[in-house]
Structure formats: structure tokens, C-alpha cells
Amino acid sequence: MIRQANAVDFWRGFALATIFINHIPGIFYSRFTHAKLSFSDSAEIFVFLAGWALRYATRSREGQQPAYPALRLYGRAIQLYAAHIVITMIAIATLVASATLLSDSQLLEWHHVAAVFQEPLLSHLGLSLLTYQLDYFNILPLYVVLMTAAPLLAVIDRQSPNLLLALSVAIYFVTLSTPVPIPTWPVDGQWFFNPLAWQLVFVLGFVLAREDGVGSFVRQHIGVIRWLSLPIVLVSALIVWFGWLADPATMPQPRLLFISDKTYATPIRLVQFLALVAIATTIYPAIKRAVPSVVEFLSLLGRHSLPVFCVGSILSLAGYITRFAYGPDLVVDTLVVVSGIAIMTLTAQLAEWHQQMRVPSLRLVRSIPPAIPQSERPIALQHLDASRPG
């Protein structure tokens, strides 16, 4: 059964749409995304909601624990890993094809891809180990690491609910204070999304989704939290819009505690994002009443976030190449955004259609009693029986 539109799917769909636009450097419509008025951006939304969804995947229902939660979470991590490898290979092939068709070798240096051609053996090993990542194709490796750690987080939360957030915060501040980079290989550098820092965004989503503990405290005091959040959001918007950020070189040590840095999800970004979340919980009902069709549309994207994200990532690269070939032009930018969103929507609709077709089929198979004679069973099931070993 397809779930109804809800706030989680809506904001996840919103993040997917804005990630697609913001991953096309220089495109006109990126100036209308919230990242232009915010320290944080859609990456925080994506990771926070992943943690929120983990709560629903692991929580007990009517006194029963989910069946094999660890295996399900590891299976999801494998699925994410496979998706990352596939879209990375497609991105490399797209750049090679574009460089050939446009007779421009500089495309082979885009998105940090040059090492693939300069050191193909080591680079492909690095790609498979997630230690080498293309620019704009580096959030799924973070997600893989977080989902691999998810069973441990769920166990800690179940055994000692108050310990998880404290432990996460401690790891976060040690990572920023030292700092602790996650190195890339074979290309020198570090992961664009440091998992040791971004785990706190993930854990906050997981913890705040609780019906007791910190989650309960926030819900009970949400009115006060929203009033405190409003000036944080407004002042942050002014600072970003007018470029009032202080020079990082003038900040005291440890510097990461005082500057805005995406790699480490620094406190300035994190506090502003949490304030934004508090405000968002207020405006979602108003959006749903005012433009229900928009809520339905973005919730459709959010329900099928992985295929939509994968397609959107490739479309962002295609849009970047299109702008390179035809030049920065409002008409070109409009066609890129409209066609990209349309293809992402089609992807979500196909995924939804597949899900709708699969569920009735499973119910039909499960409803057939095993005692039905072989001759009376549907032909398709006879073939299935014939294919079983033994």
C-alpha cells in the first residue's frame, strides 16, 4: 500500500529537487534555493531524515521488534553502495562521451575525475573502496557508512537511550577539535562529508524521532523552541545574503568550532539547521493546505528517494555539460531544470507503479493454499515450482 503524503517524504522530496539544481554549478535557478539564505543546505535535510527514517525501521510495533533489523539495515547499505558505484561509472562514461563528442579534453578533469585516466588501476580500486569519490557524487558513501553503523546505533539506543546522543556529541566535538580527517586514496585529500562529524546529524534525526526522551522534550516545548529559532534563521539569512561571515583565519582554535564548514557539519551550520527544522514543522501544514498538489508531488519524489537521487545526480551532470556546450543562458537553464525535474518525476512514478504491481502479486502468491493440486495452480506458479531445486 502506497503511504499518504507526509512531512518526511515532502521535505525529502524538497531536498532531492534542490540537490539536483544546486549540483549544476552556476545555474540561474540555484539562487532561489534555500542554500542561498542559509548556512546549511539540502545535505543536512537528507542525512537528518535518513536518521529519522531509521527510527521507524527499527522501532517496535505493538510489543514486537522488527524481524532481522540488522540484516535489513546491512542490506540497505549494500543497496546504497551498489547504487553509488553504478552512478559513478555512468558519470565517468558521460564525461568521456561528452569530451569525445565536443572534442574538449577539459571535461576529463571535471568533478575530480582526472585520476581515473591517469592512474586507472589504483583509481578503480579506490572507487570500489569508497576512498576515491567524484565531486557531487560523494553523499552516498557517507550514507553507506552511516547505514553500516546503524545497527550499532540502534542497539545502543535500545540498551541505554540517554547514552547515544551523548556519545555522538562527544565524537563530533573530538573530531572537530583535533580535527580528524578521513583521507582519500589514491588521490590526496579527505572525504567531502566527514562521517565522524556528520554522524551527529544522522543521530539527531534518529533521537528526535523518539516518542520519549529528547524527542518528547522537544515536542513538549516546541512553541518556545520555534520562537528561539526564528531569530537564528533570520540573522543567518542576513549574514549569508550580505556575506558578513568573518575571515576564518581570524577565528581562534579549534577553528572548526567557529566557522561554517560543510565537510565537518560545523556547529554554526548545525544550530542553524536545527532552527530551520523547528520552523519547517510550522510551515508544512500551511503548505499542505495552500498547495496540496505541490505536497503530493514532492512526497512522490521523497517516497522513492534512492532511484530519484541517482537519476537526479546523473541529470545534474548532464545539465552541467549542456550549459558548458550552449553557454549560460536563461532558456537553456530553464530547459535543463524543467526536463530534469520531469525525468525525476517519471522515475518516481515508475518506481511507484512497480511497487503497486508487486504488492498485489505477493498477496496473490501468499493467498494460494499449498494443498491445491499441481494441475489447478496457475501456470506461472507451476513454472516457479519446476525451477526450484530438488
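Helix 10 (residues 222-242) has 21 residues and spans 30 Å from its first C-alpha to its last, close to the 30 Å expected at 1.5 Å a residue. The expected span is 1.5 Å times one less than the number of residues in the helix. Helices (H or I, at least four residues) and strands (E, at least two) are DSSP runs, numbered from the N terminus. The model is predicted: local features need pLDDT of at least 70, side-chain atom pairs count only at pLDDT 80 or more, and totals for chains, interfaces and linings use all residues. Residues are numbered from 1 along each chain as its sequence is written, and side-chain values use heavy atoms, with hydrogens and water left out.

**Chain overview**

- The chain has 15 helices and zero strands.
- Of its 390 residues, 44% are buried, where buried means under 20% relative accessible area, exposed over 50%, and partly exposed in between (1.4 Å probe, protein chains only).
- Among contacts in the chain with a separation of 6 or more, 74% are between residues 24 or more positions apart; a contact means heavy atoms within 4.5 Å.
- Carbon and sulfur atoms hold 67% of the accessible surface of the chain, which comes to about 20,600 Å². Accessible areas come from the Shrake-Rupley method with a 1.4 Å probe, and for residues only the protein chains shown count as cover.

**Helix 10 and the loop after it**

- S229, V233, S236 and A237 are buried in helix 10.
- The buried residues of helix 10 pack against helix 11 (267-290).
- G243, just after helix 10, has a positive phi of about 65°.
- The loop between helix 10 and helix 11 contains P254, and the peptide bond from Q253 to P254 is cis, with omega near -5°.

**Helix 3**

- Helix 3 (residues 69-102) has 34 residues and reaches 49 Å from first to last C-alpha, close to the 50 Å expected at 1.5 Å a residue.
- Its buried residues include L73, A77, L80, H84, I87 and I92.
- The partners of the buried residues of helix 3 are helix 2 (42-58), helix 4 (114-118), helix 5 (120-129), helix 6 (139-159) and helix 13 (305-326).
- S103 follows just after helix 3 and takes a positive phi of about 55°.

**Nonpolar core**

- The largest nonpolar core has 94 residues, and F48, L140, W198 and F202 touch the most other members. Such a core is a set of buried Ala, Val, Leu, Ile, Met, Phe, Trp, Tyr and Cys residues joined through side-chain atoms within 4.5 Å.
- Apart from neighbours within four places in sequence, F202 is in contact with V47, A50, G51, L54, L146, M147 and L153.
- In soluble globular proteins, nonpolar side chains tend to be buried together.

**Helix 8 and the loop before it**

- L196 belongs to helix 8 (residues 195-208) and is partly exposed, with a relative accessible area of 32%.
- Outside its neighbours within four places in sequence, L196 is in contact with I171, Y172, T175, V180 and I182.
- L196 and I182 are 14 residues apart along the chain, and their C-alpha atoms are separated by 8.4 Å.
- P179 lies in the loop between helix 7 (161-177) and helix 8, and a cis peptide bond with omega of about -20° joins T178 to P179.

**Loop between helix 5 and helix 6**

- L130 lies in this loop and has a positive phi near 70°, although it is a residue other than glycine.
- At 7% relative accessibility, L130 is buried.
- Y136 also lies in the loop between helix 5 and helix 6; it is not a glycine, yet its phi is positive at about 70°.
- Y136 is partly exposed, with a relative accessible area of 30%.
- Most residues other than glycine have a negative phi, and most peptide bonds are trans.

**Largest pocket**

- The largest pocket holds about 1,200 Å³ of space.
- Its lining has 32 residues, of which R3, R12, A53, R76 and R303 lie nearest its centre.
- Elements that give two or more residues to this lining include helix 1 (7-22), helix 12 (292-303) and helix 14 (330-367).
- Helix 2 gives the largest share of the lining, eight residues.
- On a 1 Å grid over the protein atoms alone, a pocket is an open set of points where a 1.4 Å probe fits, with protein on both sides within 12 Å along at least five of seven lines; lining residues have an atom within 4 Å of a point.
- Grid points are joined across faces, edges and corners, and the volume is the space filled by probe spheres set on the points.
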